[in-house]
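Here are some short exercises to work through with the structure on your screen. Try each task before you read its solution.

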Amino acid sequence: MKRMFRSKKRFFTAAVSMALMAAFIGGCGSSSSAPASVSPAQTEAPAVETSGETPAAGGKEVLRVGMECAYAPFNWTQDAPSTPDGSTAVPIYDSTFYAYGYDVAVAQMLADEMGMDLEIHKVEWSSIGISMDAGDYDCIIAGMGRTAEREMSYSFTTPYYYRDNCIVVKKDGPFASVTGLSQLAGTGCKVTTQLGTGWIPLLDQIDGAETGMNFETTSECFMAVSNGVADVCIVDLPTAESALLTNKDLAIITFDESDSFVGDDEMVNVCIATRKDDTALRDKIQGAMDAIGWSDKAKMDELMAKAIGQQPAAN
């Protein structure tokens, strides 16, 4: 090109040729050669691969995990790179903060067993499945209950934790002495739970209850009970126990099986989810769980107790 402009004799000829070519392209549309500009379709991201593994810079594969980092004791956000007992927290992707909790500890054990690096992605619960399907990360380890509805969209491992459900009320409130579900019937109590969870269907089992005010996080649910915005919060026992460490005005009530919610057993099984068609990663994670013996409830309960004791006061 530089030679063209250095030669005055060729300048006029080149200019004319370029003008004629431009007119030809404008009249005929795209040619079989490389296009002059990139079409919108060519700028779209490539289809999401379902291998579930992304090579790191050094060639080591990465286990990319999505979680709220706001659901203590399963997962939370903290400033420090370690916990009070010296456990190592994991940096949150594209952030200056760190994540820890039961989910993070389990994810780290599985990544180590598979010879992979661990990468934690913080995401709102309401979009946790959408973001995985979009390829932002490859699996969800976030205290997710395995339900029949979710099994239509995701592939699940066996449980990596078993939890019980409960309700949380104001310690000095009118429902502090309740011992069974039937005792809430007809009271007109205001009930709440976390949006997008398997506890939502349980709200309607409280006859005559006032429903409709649910929240993005369990922390907001507990705050609603503390402030009188709600009377009853349906949640899992570990999360409730975690909340009571800093919310001394709340009380936990567990119902006897003979007078409790129906169908809440789905939320008991906490499993790891992958994209529906990414059974290769699901099976690889399952193999790691089996290898470290992560089906022993005693081990699970021991780690959960440890996680509850390590969370920052702000959580």
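**Exercise 1.** Which residue follows H3, and what is the sign of its phi?

Before solving, note that this is a predicted model, where local features need pLDDT of at least 70, side-chain atom pairs count only at pLDDT 80 or more, and totals for chains, interfaces and linings use all residues. Residues are numbered from 1 along each chain as its sequence is written, and side-chain values use heavy atoms, leaving out hydrogens and water.

*Solution.* Start with the helix: H3 covers residues 102-114 (helices, H or I, are DSSP runs of at least four residues, and strands, E, of at least two, numbered from the N terminus). Next comes Gly115, with a positive phi near 70°.

**Exercise 2.** Compare the span of H3 with the expected one.

*Solution.* The expected span is 1.5 Å times one less than the number of residues. For the 13 residues of H3 that gives 18 Å, and the model's 19 Å from first to last C-alpha is close to it.

**Exercise 3.** Is Thr192 buried or exposed, and why?

*Solution.* Buried means under 20% relative accessible area, exposed over 50%, and partly exposed in between (1.4 Å probe, protein chains only). Thr192 is buried because its relative accessibility is 0%. This residue sits in strand E11.

**Exercise 4.** How many disulfides are there?

*Solution.* A disulfide is a pair of cysteine sulfur atoms within 2.5 Å. The count is zero. For Cys233, the nearest cysteine sulfur belongs to Cys221, 4.5 Å away. Cys233 is also buried, at 2% relative accessible area.
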